Amino acid sequence: MDNRNPLTYEAAEIQLAELLAQDLDQRQNYDHYSTDDMYTWSTVFSNLFHRAWPNRAHPEFLDGVDRLRLMYHIPKVSAVSNRLQELVGCRLYFVEGHTDPTTYLLSIARNYFPVTVWLRKPIQIGYIEEPDMVHEVLGHAVMLSNKLYFEHHRRIAQVFLDIMKQAPMSTVELLAEWVARFYWRTIEFGLTRDDSGRVRVYGVGILSSAEETIRSLEPGASHVYLPDDPHLACRMLIDESYELDESGNYTGKGGMRTYYVVNGFHHFHTMVNALKDVITKKLAQEKLVPIG
Ligand SMILES: [Fe+2]
């Protein structure tokens, strides 16, 4: 998610209504995909499925790929949306480029998720910075098909909305940045232990890139193990600002992305449950909202 230029709640409601009014099939315009696009999707899928995900993706993610019946051909986003609706009650809607954080999180809280439908070029098969349809479908949609994960994803959005309703607009940008830091370091680029204690990937920004999935678990990768106390873990995620590399991409210290490791999905869920309290206290500590 992007943390820039949050709209007011009322403006986001209008924006979301306009976005939801669009027809997904019409916006995807399936017949216009080129043979290059077909090649790109099937190669990306094959690289991820056969090379990157085995022994690296969390088993819950791999179950989601089956649940959504994703394969070597470009999916119709409306069909993925229908399947997600059956599984967890979530619908996809079309966006072009970035949405502001209020609209993005408002849609999530209302059981929608925004997707773009453009595809990377063949030269970008291994990695691309901008989110494309691979990221949205072979990343976000897959994880969202897990009922418990979906509920916690929705709760993160609700935390932002609950606090923003009571905060002056002047602090909403900062609030959006803190929520974005949490979202970025868990939903997008998080690692977790599986049931046998091995570190696995659940962050969809990693899992939608074969190169990054492999790189994130290599011996030299920078891993930070989050403390069991969910309040402390949340503070670690939201206190540290992003560092940017020379191309303006978010990285960790030393020009390398730092991956934060949660101790299983239960740990992640306790962190989501603590998030509202942690952010409320941080706002009060920094005297940005009245205490109580
Ligand atoms: Fe994303």
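Ser 222 is partly exposed, its relative accessible area being 26%, and this residue is found in strand S5, which covers residues 222-225. From this position one can look across to Tyr 260, which is 38 residues apart from Ser 222 in sequence but 8.6 Å apart from it in space, C-alpha to C-alpha. The model in which these positions are read is a predicted one, and the paragraphs below move from this strand to the whole chain, then to the metal site and to several individual residues.

Taken as a whole, the protein contains 13 helices and 8 strands, and strand S5, with Ser 222, is one of these elements. The radius of gyration is 18 Å, which agrees with the value near 19 Å that a compact globule of 292 residues would have. Along the principal axes, the C-alpha atoms fill a box of roughly 60 × 45 × 40 Å. Of the 292 residues, 53% count as buried, while the surface that the protein exposes amounts to about 13,100 Å², with carbon and sulfur atoms supplying 51% of it. When contacts between residues at least 6 apart in sequence are considered, 72% of them join residues at least 24 apart. As for charge, the protein carries 29 positive and 38 negative charges, and the mean positions of the two sets are 4 Å apart.

The metal site can be described next. The iron ion is coordinated by NE2 of His 135, NE2 of His 140 and an OE atom of Glu 188, at 2.0 to 2.1 Å. Along the chain, these donors follow the spacing H-x4-H-x47-E. His 135 and His 140 are both buried.

Another histidine, His 269, lies in helix H13, which spans residues 265-285. His 269 counts as buried because its relative accessibility is 10%, and the cut-off for a buried residue is under 20%. Leaving aside residues up to four places away in sequence, His 269 touches Leu 148 and His 152. The C-alpha atom of His 269 is also separated by 8.2 Å from that of Tyr 149, although these two residues are 120 residues apart along the chain.

A contrasting view is offered by Asn 82, which is found in helix H5, residues 77-88. With 39% relative accessibility, Asn 82 counts as partly exposed. Its C-alpha atom and that of Ala 11 are separated by 28 Å, the two residues being 71 residues apart along the chain.

Two further asparagines deserve attention for their backbone geometry. Asn 5, which is not a glycine, nevertheless has a positive phi of about 50°, and this residue lies in the segment before helix H1, residues 9-20. Asn 5 is exposed, because its relative accessible area of 58% lies over the 50% cut-off. Asn 111 likewise has a positive phi, of about 70°, without being a glycine. Asn 111 is placed in the loop between helix H6, residues 101-109, and strand S2, residues 112-115. At 28% relative accessibility, Asn 111 counts as partly exposed, since this value falls between the 20% and 50% cut-offs.

Notes
Residues are numbered from 1 along each chain as its sequence is written. This is a predicted model: local features need pLDDT of at least 70, side-chain atom pairs count only at pLDDT 80 or more; totals for chains, interfaces and linings use all residues. Side-chain values use heavy atoms; hydrogens and water are left out. Helices (H or I, at least four residues) and strands (E, at least two) are DSSP runs, numbered from the N terminus. The radius of gyration is taken over C-alpha atoms; the globule rule is 2.2 Å times the number of residues to the power 0.38. Buried means under 20% relative accessible area, exposed over 50%, partly exposed in between (1.4 Å probe, protein chains only). Contact means heavy atoms within 4.5 Å. Accessible areas come from the Shrake-Rupley method with a 1.4 Å probe; for residues, only the protein chains shown count as cover. Lys and Arg count as positive and Asp and Glu as negative; His and the chain ends are not counted. The place of a charge is taken as NZ of Lys, CZ of Arg, CG of Asp or CD of Glu. Donors are N, O and S atoms within 2.8 Å of the metal (3.2 Å for Na, K and Ca); water is not among the atoms, so sites may look incomplete.
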